[in-house]
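User: Please take a close look at one part of this model and describe how its pieces fit together.

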Amino acid sequence: LVLCPGASPIRPPIPGADDPRVHVLRNIPDMDRIIADLDEGASSAVVVGGSYIGLELTEAFRSRRMRTTVVERTERLMPWLDPEMTRILDYHVQTHDVDLRLGTSAKAVRDREAGGLEIDLSDGTSVEPDVVVMAVGARPNADLARDAGLEIGPRGGIVVDAQMRTSDPDILA
């Protein structure tokens with residue numbers, strides 16, 4: 001038996017993040033919902049998260065000439081990379097007219113009086129985009145493995161050895 005349960009996108013634990021107008025991107029139906037919003041005349045977007053998915057979305061929004069803001073809670077994009085590399089990445093993103101908010105996090109998503117959404121940020125400012133996408137990471141889908149009594153690691157993933165065997169040697173993951 002081989003388990004390949006994938007992961008689910010994380011919605012940050014902030015007020016309004018569960019609003020159905022706030023998108024995540026994991027699969028084709030998610031992408032179709034984002035595109036439907038774009039096709040309704042969206043001209044601005046906020047991407048919360050400056051890692052792979054967030055930057056891919058940023059590039060797609062900019063290719064549509066949308067005003068795009070990236071909100072990243074760490075001091076640099078893709079924080080697991082070396083600072084020397086991310087400095088170049090930060091510069092490159094900014095040269096493409098992206099409003100890059102590093103060291104800033106989303107605090108709340110709320111309705112605007114005039115309609116649409118407003119994102120309150122940790123630096124005291126707010127942004128009023130037409131489209132909001134949370135791209136803050138993913139959580140392993142390990143419920144089946146947990147229910148089967150397999151060992152789960154400290155970050156929620158299925159523990160495997162060098163041959164991809166779980167704590168049950170007849171189950172790989």
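Analyst: A salt bridge here is a side-chain nitrogen of Lys or Arg within 4 Å of a carboxyl oxygen of Asp or Glu. The model is a predicted one. Glu72, in strand 4 (residues 67–72), is buried and yet has no salt bridge. The nearest side chain of opposite charge is that of Arg73, 5.3 Å away. A polar atom of the Glu72 side chain does, however, lie 2.7 Å from the backbone nitrogen of Gly50. Not counting residues up to four places away in sequence, Glu72 touches Gly49, Gly50, Leu77, Arg101, Leu102, Gly103 and Thr104.

Strand 3 (residues 44–48) holds Val47, which is buried with a relative accessible area of 0%. Beyond its neighbours within four places in sequence, the contacts of Val47 include Thr68, Thr69, Val70 and Val71, and also Gly54, Leu57, Thr58 and Phe61.

Those last four are among the buried residues of helix 2, together with Leu55. They cover an arc of only 160° around the axis, which puts them on the same side of helix 2. The buried residues pack against helix 1 (28–39), strand 3, strand 4, helix 3 (83–95), strand 5 (98–102) and strand 9 (131–134). The face turned away from this buried side carries the exposed residues Tyr52, Glu56, Glu59 and Ser63.

As for its length, helix 2 (residues 52–63) has 12 residues, which should span 16 Å at 1.5 Å a residue; its end C-alpha atoms are 17 Å apart, which agrees. Helix 2 is followed by Arg65, whose phi is positive, near 65°.

Definitions and conventions: Residues are numbered from 1 along each chain as its sequence is written. This is a predicted model: local features need pLDDT of at least 70, side-chain atom pairs count only at pLDDT 80 or more; totals for chains, interfaces and linings use all residues. Side-chain values use heavy atoms; hydrogens and water are left out. Helices (H or I, at least four residues) and strands (E, at least two) are DSSP runs, numbered from the N terminus. Buried means under 20% relative accessible area, exposed over 50%, partly exposed in between (1.4 Å probe, protein chains only). Lys and Arg count as positive and Asp and Glu as negative; His and the chain ends are not counted. A polar contact is a pair of N or O atoms within 3.5 Å; within protein, one must be able to donate a hydrogen and the other to accept it, and residues adjacent in sequence count only if both atoms are side-chain atoms. Contact means heavy atoms within 4.5 Å. The expected span of a helix is 1.5 Å times one less than its number of residues. The arc is that of the directions from the helix axis to the C-beta atoms.
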